Amino acid sequence: MTKDLRNRIDSLRLQGSAEEIVIRFVEYLKYERGKDEYSATALDCYLCFATVIKNYLLEHWLITQPYEYKQNSKRVYYLSMEYLIGRSLNNAILNLDLGKQSLKALKQMGFKMQMLEELEWDAGLGNGGLGRLAACFLDSMASLKIPAYGYGIRYEYGIFFQHIMNGEQHETPDNWLRYGSVWEIPRPQRLFPVHFGGFVEEILNAKGELRYEWHPQESIMAMAYDYLIPGYKNGYINTLRLWSAKSTRDFDLDYFNAGDYVQAVADKNNSEMISKVLYPKDDQLAGKELRLKQEYFFVSATLQDIMRRYQKKHPDWQSFSDKAAIQMNDTHPAIAVAELMRLFVDEKGLDWENAWQITKATLAYTNHTILPEALEKWQLEMFEKVLPRHLQIIYEINHRFLTDLKNNKGADDSSLRRVSIIEEEPQRSVRMANLAIIGSHSVNGVSALHSEILKKELFSDFYHYFPKMFNNKTNGITPRRWLMLANPALSGLIDDSIGKSWRKDLRKLKKLNDYLDDAAFIQSLAKIKHKNKEDFALYCEKQYCLKLNPDSIFDFQTKRLHEYKRQLLNALHILHLVICIQENEHKELLPHSFFFSGKAAPGYFMAKLIIRFILSISDYIEQDSQLSKYLKVVFLPNYRVSLAEKIMPAAEVSQQISTAGTEASGTGNMKYALNAALTVGTLDGANVEIREAVGADNFFLFGNTVEELELLKHRGYNPQAYMQSVPYLPRIIEFIQSGRLSPDNPQLFKPIVDSLLDNDQYFLFADFDDYRRVMEKLNSCYQDGKLWNHMATANIANMGRFSSDETIKAYAKDIWKL
């Protein structure tokens, strides 16, 4: 490249004016899309406008990255199987501070922003809270100017697209990349081999030292695709790098020439299956094997990329942990412990002790669940088939760890069995959570309660021997997407009341505590909430042909369908209200709209049946004119980030009703509270800290605590006893058993009744009467508009500590040592 060309590249700078946006738009429309004013479609216009905005991101990225290379800063590498980033257009415009220019340019061209933004598909890179948290963290790292890379998989298909047909969930592929993604940048030069299977050979190197050589059976290539993550109005851009599986052999000419056209491309198709689908169904061995391959695929490519970047500046590996902080987001990337050791020992020639010291100093582990099914274990036989060298390394790590624990910590056999990476019974398996803990220098939970459960129960042995490793980092949410973008009217009211400093420091919302009883503020807040409800009702009418009453209470439970999240408890209470209305016991009841949204895993029978149950209740109410005066039940299909952005501003009630001790944190609770919704919740996950922050009087608490539930279990929990002591429960159960909800199939919901009466695993009966009580209290409070909006303001004012910026600052200081 000539000096003149370098100077021209360096001098070319986009200015970000409305006129420039228009000019660039026209250029892309003509010369990239090959369209004019007659042939351009709405999609063409979105793609051109999005490309213009992406190029402003690139402008800043090309300044940020060389600067960080020059600084030789320590980088954070965030490894996650999910990134629920949602739509990118409006987020980029906000963070680049291009809002006014963009609106002016679109007006000149005759477009509306809302029309263009609705043409963008949500990126199908995640499923639930884990992926959304990762996206919030990336946003915060860029906004805090922390040099970081996110790493994951570029899934061709998302989890699935949820449809509601004939009263039940149906799944179709989420083909979010059907038209490609304007936001991604392919990096074909960033290719790394990833190997599977085969055998391991013992060899002697030139020094006569024993070494291990892995002869894999299968190899595929990982190709990088980059997404640019902008900080908030600071010109700083980080990178989300996603890996796509590419075959090493696209086409087998021998098979083709022999006439076997299917087999000719079979290798390619099989290899590239690894990055096809987010979370393949893993109730069969083939699905489990694919899941393990997915996890190793992205971890191996990621570590090779990190080491490549490190080697640009450093001649040896002794400073690796000073320049790289690798955070494992849950147990999915835990194979990084064994892979980093393999790369150091087998590929780079380090001795074991040195490699282990660097590995532990580099890696950190965040646990996100206490549910046994989410703490991954891999059958030993399958693991050895897929990753034979890694199993050898895990055996060695385990042997050294257990020996040290026995000799230096006095661990007994039962304790050693519990902390071992290898589980012997009921089936020999590799415990990935134990591997992650042993291979990390830090282990954190994601709420104060969750972290205590990790220390006292789930990982109590590890905590006993290594207490300093454990810490808490309560999850957080980005205020950029969840307040500034989602709720511009409320953001404007806050600006007018306390200034704009809160936009860069959410803790400044504390100033709103001075407005708790300010009549003008309370009135404005009420008007904004009602307008948001009207807007949401209009959206539902257009999208789902639903007629909603904006004067009713808007009550939401939006999250993944799982029994521990207790959507069923909410539904049972709605049935209680149905019976009360039919029995004329509803004198003080206000019109109440109950909204549900969330996906059930395709193979999760009970979760899918609960969706059918909710939909049947909805149909039953709709067919009764007396019931429908008071109640509305809506199931919003295909819950996703862009839908959540419409829901949060309209919500007045946030149902956070999981069984105490089951939800690690939750972040939906934070999003709702920040948007002036009041929480009905148990003392579970981050609910505990939210209640502490907003004040007990501004939170509708109910339910047994973790300690009380433990006592119930110890005494022998009997749900049948509550059928005797809680008079409302027999009426509800009789109503379900009568078949009125499913006249064509009266036994349809028998499994729900049986699960409740037989074991009630998540203590719905134990908590029902208190839930009924708190919902009556909520109904009463809502009648006093001044009191309700006082409580709502208290929620907004005290949510600053739940900004993901605050969480990331704590990670940076305590774990990453930036």
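Trainee: What volume does the largest cavity have?
Mentor: We're looking at a predicted model, where local features need pLDDT of at least 70, side-chain atom pairs count only at pLDDT 80 or more, and totals for chains, interfaces and linings use all residues. Residues are numbered from 1 along each chain as its sequence is written, and side-chain values use heavy atoms, with hydrogens and water left out. A cavity is a set of points, on a 1 Å grid over the protein atoms alone, where a 1.4 Å probe fits but cannot get out. With grid points joined across faces, edges and corners, and volume taken as the space filled by probe spheres set on the points, the largest cavity comes to about 240 Å³.

Trainee: Which residues lie nearest the centre of the largest cavity?
Mentor: Its lining (residues with an atom within 4 Å of a point) counts 18 residues. Helices and strands here are DSSP runs (H or I, at least four residues, for helices; E, at least two, for strands), numbered from the N terminus, and α4 (89–96), α7 (129–143) and β8 (218–230) each give at least two residues to that lining. Nearest the centre you'll find Ile85, Ser88, Asn91, Ile229 and Arg481.

Trainee: How many residues of each class line the second largest cavity?
Mentor: That cavity holds about 140 Å³ and has 14 lining residues, with Asn72, Ser73, Arg75, Arg309 and Tyr310 nearest its centre. Two or more lining residues come from each of α3 (42–71), β1 (75–79), α11 (285–311) and α12 (320–323). For classes, Ala, Val, Leu, Ile, Met, Phe, Trp, Tyr, Cys and Pro count as nonpolar, Asp, Glu, Lys and Arg as charged, and the others, Gly among them, as polar. The split is 6 nonpolar, 3 polar and 5 charged.

Trainee: Which helix gives the largest share of the lining of the second largest pocket?
Mentor: A pocket is an open set of points with protein on both sides within 12 Å along at least five of seven lines, and the second largest one has about 1500 Å³. It has 41 lining residues, and Asn90, Glu117, Leu485, Ala486 and Pro488 sit nearest its centre. By class, they divide into 15 nonpolar, 10 polar and 16 charged. The largest share, 8 residues, comes from α23.

Trainee: Zooming out, what radius of gyration does the protein chain have?
Mentor: The chain has 36 helices and 22 strands, and its C-alpha trace spans about 90 × 70 × 65 Å along the principal axes. The radius is taken over C-alpha atoms, and the globule rule is 2.2 Å times the number of residues to the power 0.38. For 818 residues a compact globule would come out near 28 Å, and the chain agrees with that, at 28 Å.

Trainee: Is Asp760 buried or exposed?
Mentor: Asp760 sits in the loop between α33 (750–758) and α34 (764–782), with a positive phi near 45°. Most residues other than glycine have a negative phi. On accessibility, buried means under 20% relative accessible area, exposed over 50%, and partly exposed in between (1.4 Å probe, protein chains only). Because its relative accessibility is 2%, Asp760 counts as buried.

Trainee: And is Asn584 buried or exposed?
Mentor: Asn584 lies in the loop between α24 (567–582) and β18 (592–597). Its phi is positive too, about 60°, although Asn584 is not a glycine. Its relative accessible area is 56%, so Asn584 is exposed.

Trainee: Which residue offers the backbone oxygen that the side chain of Thr662 reaches?
Mentor: Thr662 is in the loop between β20 (653–656) and α28 (668–674), and it's buried because its relative accessible area is 10%. Counting contact as heavy atoms within 4.5 Å, and skipping residues up to four places away in sequence, Thr662 touches Ile370, Tyr564, Asp684 and Tyr762. A polar contact is a pair of N or O atoms within 3.5 Å; within protein, one must be able to donate a hydrogen and the other to accept it, and residues adjacent in sequence count only if both atoms are side-chain atoms. At 2.6 Å, the side chain of Thr662 reaches the backbone oxygen of Thr659.

Trainee: Which peptide bond is cis, with omega near 0°?
Mentor: Most peptide bonds are trans. Look at Pro426, in the loop between β13 (422–423) and β14 (429–431). The cis bond runs from Glu425 to Pro426.
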